[in-house]
Amino acid sequence: MSVAAPLHSAAPAPLAEAAAPAMSARQRVEAALATAFGGIFLLLSVVVTVETIARKVFNVSLQGADELGGYALAVGSTIAFSLALMGRAHIRVDVFHERFPRRMQGALNWLSIVSMAALGAFIAWIAFKVIADTLAYGSTAQTPWATPLIWPQAVWYAGLVVFALVAAGYAVRATLLLATGRLDALNREFHPKGAKEELKEELDDLAQRQTADNAGAQP
């Protein structure tokens with residue numbers, strides 16, 4: 001028994017090690033997007049604070065806080081699209097989803113992600129036309145700063161392209177799972193997130209933070 005147990009426990013280790021890099025890569029992408037999202041609005045909060053103090057104390061205005069706020073909202077929204085997709089946080093009407101047979105669930109889950117990929121590609125295509133018009137006309141913002149619109153629009157468009165690429169990658173993954181008959185994996189990865197799963201993720205995140213805090217507190 002003492003010999004068999006280590007052999008049994010060591011068997012799946014290569015599989016776990018092989019799966020770890022893919023998961024860590026996804027987490028790195030999510031962390032990068034979340035950091036960019038938070039940094040944008042942190043910077044905006046600093047600008048708004050400086051603007052408010054300057055107006056109240058020195059009677060001076062930067063005349064650009066509202067403009068930056070609009071840019072931050074536009075760019076932050078595109079980043080949030082990708083974050084919500086990777087975290088399966090987009091809202092889906094799933095009243096009857098769990099009552100359907102396994103194959104129908106798989107077909108609906110595949111249809112949902114493929115539709116999302118099509119939407120992402122369509123939005124990126126429309127946004128490209130906006131970028132082309134901005135370049136053609138040399139458009140500037142109707143603000144005191146007269147910012148060339150190609151600057152904020154380029155960042156906004158980059159966020160939309162990232163969303164389209166992430167959605168396309170997920171659609172390819174779902175299509176491969178459906179084509180190879182791996183319905184359980186398809187349903188597991190792309191089914192609507194329920195309350196129990198959200199609670200489990202929150203508890204796991206809390207446990208990870210407590211572990212990190214305890215490790216940092218140790219000498």
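This section describes the salt bridges of a predicted model and the helix that carries one of their arginines.

Side chains of opposite charge can pair when their charged atoms come close. In the predicted model, three salt bridges were counted. One of them lies within a single helix, where the side chains of arginine 55 and glutamate 51 meet with an N to O distance of 2.6 Å. Both residues belong to helix 2 (residues 13-58) and are four residues apart, about one turn of the helix. An α-helix has 3.6 residues a turn, so residues three or four places apart point the same way. The two partners do not share an accessibility class: arginine 55 is partly exposed, with a relative accessible area of 49%, whereas glutamate 51 is buried at 5%. Glutamate 51 is classed as buried because its relative accessible area of 5% falls under the 20% cut-off.

A second salt bridge joins arginine 102 to aspartate 184, with the closest N and O atoms 2.8 Å apart. Arginine 102 lies in helix 4 (residues 102-137) and aspartate 184 in helix 6 (residues 183-190), so this pair ties together parts that are 82 residues apart in sequence. Arginine 102 counts as partly exposed, at 41% relative accessibility. Aspartate 184 is likewise partly exposed, at 47%.

Helix 6 also contributes glutamate 189, which forms a salt bridge with arginine 173, the closest N and O atoms being 2.7 Å apart. Because arginine 173 lies in helix 5 (residues 150-179) and glutamate 189 in helix 6, the contact ties together parts that are 16 residues apart in sequence. Relative accessible areas are 34% for arginine 173 and 28% for glutamate 189. Arginine 173 is therefore partly exposed, as is glutamate 189.

Helix 5, which holds arginine 173, was examined further. At 1.5 Å a residue, its 30 residues should span 44 Å, and the end C-alpha atoms are 42 Å apart, which agrees with that expectation. Buried positions in helix 5 include Pro152, Gln153, Gly159 and Leu160. Further along the helix, Phe163, Ala164, Val166 and Ala167 are buried, and Tyr170, Ala171, Ala174 and Leu177 are also buried. Arginine 173, by contrast, is partly exposed. Just after helix 5, glycine 181 adopts a positive phi of about 75°.

How values were computed
Residues are numbered from 1 along each chain as its sequence is written. This is a predicted model: local features need pLDDT of at least 70, side-chain atom pairs count only at pLDDT 80 or more; totals for chains, interfaces and linings use all residues. Side-chain values use heavy atoms; hydrogens and water are left out. A salt bridge is a side-chain nitrogen of Lys or Arg within 4 Å of a carboxyl oxygen of Asp or Glu. Helices (H or I, at least four residues) and strands (E, at least two) are DSSP runs, numbered from the N terminus. Buried means under 20% relative accessible area, exposed over 50%, partly exposed in between (1.4 Å probe, protein chains only). The expected span of a helix is 1.5 Å times one less than its number of residues.
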